[in-house]
Amino acid sequence: MQPTSCLVEVRSGTLKGCTGRYEKRLSDLVGIYADAKAFTARLRERTDLLVYAVEDLRPSTAAGDMIFGVTRMIPGQVGGEFFVTRGHIHAKANRPEIYYGESGAGLMLLESPEGETRIIEITPRTVCYVPPYWIHRSVNVGANDLVMTFAYPADSGQDYEIIAKSGGMRQRIVDDGRGSWKAVDNSDYRPRSASEVARIMASAD
Ligand code: NI
């Protein structure tokens, strides 16, 4: 691999020079939001809304290498709950990540395997550090696109199932009715067992 550069196109939320891209549409996000009826209604509103897109550069997946990219999330809600990414923990759980706010207003919703939670607000020029072993999910709480640049170790991998297995993340981010957001407890949340926590803490090298 040769030294290279990419250009973050903030307005379009894209990465000029990227080698990969993936998208998540509303139909890919079944089961994430509390209000299933509102979700179905939202799905029927128009043809499968593009909720977020990621463009990245993956030089390799070798240990010691790095993947970076840009994510763009559209603004919106399902039954008063702000649009979120699927969220994950890294498959090698001790791998960290950095997110850098480019435009918009967002949150990083974080949860440890034991169920501790943290919320980091992301505005332009905020650098958010996601430590090893933390489940992370982005939330667009603004009225415009949320665009963030990110970077993580190339051998991190992603475990998307961890959130579904516990009935979602412990907290949901909802409209507070006064133009802002608030975190509420997710009534479907099931804490992880000690053996499940131990399994996650062991998925590292
Ligand atoms: Ni990650």
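Let's start with one small detail: Gly106 has a bridge partner in β10, and that partner is Ile122. Bear in mind as you look that this is a predicted model. The Gly106 bridge belongs to a longer run, since strand β9 (residues 106-111) and β10 are joined by 6 bridges, and the two strands run antiparallel.

Now widen the view a little. β9 and β10 sit in an open sheet of 3 strands, ordered β10-β9-β12, with antiparallel pairing. At its edges you'll find β10 (117-122) and β12 (135-140), each of which pairs on one side only. On average, neighbouring strands of this sheet are turned by 20° against each other, if you ignore direction.

There is another open sheet to trace, this one with 6 strands. Follow it in the order β3-β4-β5-β13-β8-β11, again with antiparallel pairing. Here the edge strands are β3 (20-25) and β11 (127-130), and each has pairing on one side only. Neighbouring strands in this sheet are also turned against each other, by 20° on average with direction ignored.

Let's stay at the β3 end for a moment. β3 and β4 pair in the antiparallel sense over 6 bridges. If you'd like one of these contacts by name, take Glu23, whose bridge partner in β4 is Ala53.

Leu50 is a good residue to pause on in that strand. It belongs to β4, which covers residues 50-57. Is Leu50 buried or exposed? Its relative accessible area is 17%, and buried means under 20%, so Leu50 counts as buried. Setting aside residues up to four places away in sequence, Leu50 touches Arg21, Glu23, Lys24, Arg25, Arg72 and Ile74. Glu23, the residue bridged to Ala53, is thus also on the list of residues that Leu50 touches. For a sense of distance, try Leu50 and Met201: they are 151 residues apart in sequence, and their C-alpha atoms are 34 Å apart in space.

Next comes the metal. Which residues coordinate the nickel ion? They are His88, His90, Glu97 and His136, at 2.0 to 2.2 Å. Each of the histidines uses its NE2 atom, while Glu97 offers OE. Along the chain, these donors follow the spacing H-x1-H-x6-E-x38-H.

What about the geometry of the site? For comparison, four tetrahedral donors would ideally make angles of 109.5 degrees at a metal. The angles among the 4 donor atoms of the nickel ion run from 85 to 165°. A tetrahedral site needs all angles between 85 and 135 degrees, and the site of the nickel ion is irregular.

Of the nickel donors, His88 deserves a visit of its own. You'll find His88 in the loop between β7 (81-82) and β8 (97-103). Although it lies in a loop, His88 is buried, with a relative accessible area of 9%. His90 is buried as well. Apart from neighbours within four places in sequence, His88 is in contact with Glu97, Trp134, Ile135, His136, Gln158, Asp159, Tyr160, Ile162 and Ile163. Two names there should ring a bell: Glu97 and His136 are also donors to the nickel ion.

Other loops hold a couple of backbone curiosities. Most residues other than glycine have a negative phi. Arg125, in the loop between β10 and β11, has a positive phi instead, near 80°. Arg125 is exposed, with a relative accessible area of 69%. Tyr133, found in the loop between β11 and β12, has a positive phi too, about 75°, although it is not a glycine. Tyr133 is partly exposed, with a relative accessible area of 22%.

Finally, step back and take in the whole protein. How many helices and strands does the protein have? There are 3 helices and 15 strands. The radius of gyration is 17 Å, close to the 17 Å that the globule rule gives for 205 residues, so the protein is as compact as a globular protein of that length. Along its principal axes, the C-alpha trace spans about 50 × 45 × 30 Å. Of the 205 residues, 45% count as buried. As for contacts with a separation of 6 or more, 70% of them come from residues 24 or more positions apart.

Terms used:
Residues numbered from 1 in each chain as written. Predicted model: local features only at pLDDT ≥ 70, side-chain atom pairs only at ≥ 80, totals over all residues. Heavy atoms only, no water. Donors = N, O, S within 2.8 Å, 3.2 Å for Na, K, Ca; no water. Tetrahedral: all angles 85-135°; square planar, octahedral: opposite > 155°, others 65-115°. Buried < 20%, exposed > 50% of the residue type's maximum accessible area, 1.4 Å probe, protein only. Helix = DSSP H or I, 4+ residues; strand = E, 2+ residues; numbered from the N terminus. Contact = heavy atoms within 4.5 Å. Pairing = 2+ DSSP bridges. Axes fitted to C-alpha atoms, helices over the stretch in contact; angles between N-to-C directions. Rg over C-alpha atoms; globule rule 2.2 N^0.38 Å.
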